[in-house]
Amino acid sequence: MPNKRKKPQKFYCPCCQRRLWRVGSPKHYLFYQGKQEIQQGFKLTAQKAGFLAAQNDVWVDRQVWLEEFFCEEHGKMWMRLFRSEEGLLWAKPAKRTDWQRTTRTLDPDRPQCGVSEFTYRTSRRSAPALTQRFYE
């Protein structure tokens, strides 16, 4: 029984084409509300989307989610991942509309209300200046 284990799929930075590394964040699935969003999100006919909207107003798409990655040059970035019918994953940068369609996620462009201004500014500093001190 050779090679039962699947090899992990690699993703690359859209800016510098270096390899992206998964941070280990949870998957944040996208959801769709109402007939029009369900029709566009799942690519259904108007009749099928109306039927699904009548059953349940909110539908979660388990084939599309947001996940956090790390690039050596650009730092942390959020990517939108798609699972194709063959089982392959495709990634592209997350958009603002994607953040509005997820639950229990924080917008990375806005600071949290429970974090002080000092902590927020400190976390946004460039990391290379800090790491150079330790390796000299």
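Which residues of helix 2 (residues 46-55) are buried? In this predicted model, the buried residues of that helix are Ala-49, Leu-52 and Ala-53. When helix 2 is seen down its axis, these buried residues fall within an arc of 100°, and they therefore line one face of the helix. Such an arrangement can be set beside the general geometry of helices: an α-helix has 3.6 residues a turn, so residues three or four places apart point the same way. The partners of the buried residues of helix 2 are helix 1 (34-42) and strand 4 (58-71), against which they pack. On the face of helix 2 that is turned away from the buried side, the exposed residues are Gln-47, Lys-48, Phe-51, Ala-54 and Gln-55, a set in which Phe-51 and Ala-54 appear alongside Gln-47, Lys-48 and Gln-55.

The backbone of two loop residues was also examined. Lys-43, which is found in the loop between helix 1 and helix 2, has a phi near 55°, a positive value in a residue other than glycine. The relative accessible area of Lys-43 is 71%, and this residue is therefore classed as exposed, since exposed means over 50%.

A positive phi is likewise found at Gln-17, where the angle is near 65° in a residue that is again not glycine. Gln-17 belongs to the loop between strand 1 (11-12) and strand 2 (19-22), and with a relative accessible area of 54% the residue is exposed.

Conventions. Residues are numbered from 1 along each chain as its sequence is written. This is a predicted model: local features need pLDDT of at least 70, side-chain atom pairs count only at pLDDT 80 or more; totals for chains, interfaces and linings use all residues. Side-chain values use heavy atoms; hydrogens and water are left out. Buried means under 20% relative accessible area, exposed over 50%, partly exposed in between (1.4 Å probe, protein chains only). Helices (H or I, at least four residues) and strands (E, at least two) are DSSP runs, numbered from the N terminus. The arc is that of the directions from the helix axis to the C-beta atoms. Contact means heavy atoms within 4.5 Å.
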